[in-house]
Amino acid sequence: MKSTFTVAFFLKRSAQRKSGEMPVVGRITVNGQAAEFRPQLIIKPENWSVAKEKAIGRSVETIQFNGMLDSIRGTILQHYQALLERDGIVTADGIRKAYFGQDEQAVEKREQKEKSETTLIQFFTKFNEEYKLKIAAGTTTQRTYSRYLLTKERLIEFMMTKYKISDTRLDKIDLFFIEAFYLHIRTKHGCTNNTSMKFIQRFCKVVTLAKDSGLISIDPFAKYEFHFNEVNRGFLTQDELNTIEQKHFPSKRLSQVRDIFIFSCYCGLSYIDICNLREKNIQTSFDNHLWIKTTRQKTDVNSNIRLLDIPKAILEKYAGKQADGKLLPIISNQKMNDYLAEIGNICGINKHITFHLARHTFATVITLSQGVPIETVSRMLGHKSIRTTQIYAKIIDLKISQDMDVLVQKMNDKKKITI
C-alpha cells in the first residue's frame, strides 16, 4: 500500500518572543502519524501566510527565508524516498531522525565510511594538533612535541621511499609495515637501535589511540616486540667533578653553566626541572634543613631533595638576580651541552659531557657510592620504580672495593677470635 506523506509549516504562537517573532515549526505526516521538528527559523506573524505556509513579501530577506523552507522540504522528501527504497516502510519519526542525522543505519554506515577513509597521516596530524595543546597545559614540552612532528615526517618519507605513496589507510598497517619503518630509520638515518625504537614507540602510541577510538579493529602492535639495548650510562668521578668545581673560567657564561651543572650533580634534578625551579620550591622542612620540593615534569612524581652545602651556596650566589623568577641563569639545553663540551675540553676530561650526565653522577657518585640506600635515591630522583634507578645508578669500583674491605676486616676479626 502506498503511504501518504506531507510536510507542513506553521507558527508556534504560544512561544512568541518579546520581539513579537514566533518560531516556525515543521510537521511531517506519514499515513496519519505526525512528527514535529524545529527548523530554527523565526518570523513575525504579520509576515507569515497561514494558507501558503511561507513568508509574505518580495524583499531579499523574504526570498531567502522561503528559500530555506523550500530547501528543508526538499531534504525531507529525499529522506522519505531513501527510507522508502531501503526499508519499504516509512514513519514520520524515522524521517525526522534521518533529517537530524539520527537514523541509526545511516549513522552506522556513515561512521563505517569515515573509519575506512581515515588515513595514517590524517590521524597523526590530528594527534599532533591535540598534543600541542598539552604544552600550554604544562603536561608535555615543546621538545617532546617536536619529536612527534619528526616521527610523522619520517613516516611520510618512509612510505614515499618504500611504497611510492605519502599516506595509507590505518587498517593497512601491519607487522611488516612496522618492521620496514624501523629498518628505514636505522639505515636511512643511521640511528641506533634505541633511537629507532623511540620512533616506533611514538608511532605505536598514535596507532593505539586510533584503535581505542574505534578507527581500526585490530592493533598491529599487539604482537610487536620492542627491544632496547642496555645502555652503560656514564658519570663523572669525584676527581673529575672536583676539577670542574675548582676550575677558573675567564668566560662568565662558562662559569654560569658550570655552576648550574654542578648544582645538578649535587641534587640530581634534570634540565627541565631546574628550569621550573622557583623560590616556593625551596623550603625549610621538619629537620630545620633546606629542601628542594618539586614535581618532576617528565613523570609527575614528587621529588624531595635535601640541599647539600654546595648547591645551597650556588643558589645563594644567584639569589634575586633572575628577572623571570627562576633561581638560576638557565639557558637552552642545546647551548648548555655545547658549553659543557667546551668545559670538558678545558678541564682535560675525555668524556662526552651533557647536562643529563649530572643526574647520573648524582645517582652514582654522590649518593649510592656513599652508602645512600637505593630506595632513598629513587625517591630523590623522582622515579616511579627502583628498576629505573638501577639503570641510572651503576655502583663504581671504589664502592665495591670499600665494601669488600669491610668484609675482609670482618673475616679477619672472626679468624682472630677462632684462633
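These legends go with several close-up views of a predicted model. Local features need pLDDT of at least 70 and side-chain atom pairs count only at pLDDT 80 or more, while totals for chains, interfaces and linings use all residues. Residues are numbered from 1 along each chain as its sequence is written, and side-chain values use heavy atoms, with hydrogens and water left out.

**View A. A three-stranded open sheet, ordered E7-E8-E9.** Pairing here is antiparallel; strands count as paired if DSSP finds at least two bridges between them. Helices (H or I, at least four residues) and strands (E, at least two) are DSSP runs, numbered from the N terminus. Strand E7 (282–284) and strand E9 (302–306) sit at the edges, each pairing on one side only. From one strand to the next, the twist averages 30 degrees; axes are lines fitted to C-alpha atoms, for helices over the stretch in contact, with angles running from 0 to 180 degrees between N-to-C directions. Zoom in on E7 and strand E8 (residues 290–295) and you'll find three antiparallel bridges. Isoleucine 282 has isoleucine 292, in E8, as its bridge partner.

**View B. The E2 and E3 hairpin.** Strand E2 (residues 22–30) runs antiparallel to strand E3 (residues 33–37), and five bridges pair them. Look for glycine 26 opposite phenylalanine 37 in E3. Two residues separate the strands, and asparagine 31 in the turn has a positive phi of about 55 degrees.

**View C. Histidine 184, tucked into helix H6 (residues 175–189).** With a relative accessible area of 8%, histidine 184 is buried (buried is under 20%, exposed over 50%, partly exposed in between, with a 1.4 Å probe and protein chains only). Who are its contacts, leaving aside neighbours within four places in sequence? They are Arg154, Glu157, Phe158, Thr161 and His189, where contact means heavy atoms within 4.5 Å.

**View D. A salt bridge from helix H1 to a loop.** Arginine 73 and glutamate 53 meet through their side chains at 3.1 Å, N to O. A salt bridge here is a side-chain nitrogen of Lys or Arg within 4 Å of a carboxyl oxygen of Asp or Glu, and by this rule the count comes to nine. Arginine 73 belongs to helix H1 (residues 60–87) and glutamate 53 to the loop between strand E5 (48–49) and strand E6 (54–55), so the pair ties together parts 20 residues apart in sequence. Arginine 73 is partly exposed at 25% relative accessibility, and glutamate 53 is partly exposed at 22%.

**View E. A little salt-bridge network in helix H2 (residues 92–99).** Arginine 96 pairs with aspartate 93, their closest N and O atoms 2.7 Å apart. The two are three residues apart in H2, so about one helical turn separates them. Aspartate 93 also bridges to lysine 97 (3.6 Å, N to O), four residues and about one helical turn apart. Shared partners join Asp93, Arg96 and Lys97 into one network. Arginine 96 is partly exposed at 21%, as are aspartate 93 at 32% and lysine 97 at 34%.

**View F. A nonpolar surface patch made by Met404, Leu407 and Met411.** The patch covers about 280 Å², with areas from the Shrake-Rupley method and a 1.4 Å probe; for residues, only the protein chains shown count as cover. Patches are made of residues with over 30% relative accessible area and no salt bridge, joining like charges within 9 Å and nonpolar side chains (Val, Leu, Ile, Met, Phe, Trp, Tyr) within 5 Å. Methionine 411 lies in helix H16 (residues 397–418) and is partly exposed at 45% relative accessibility.
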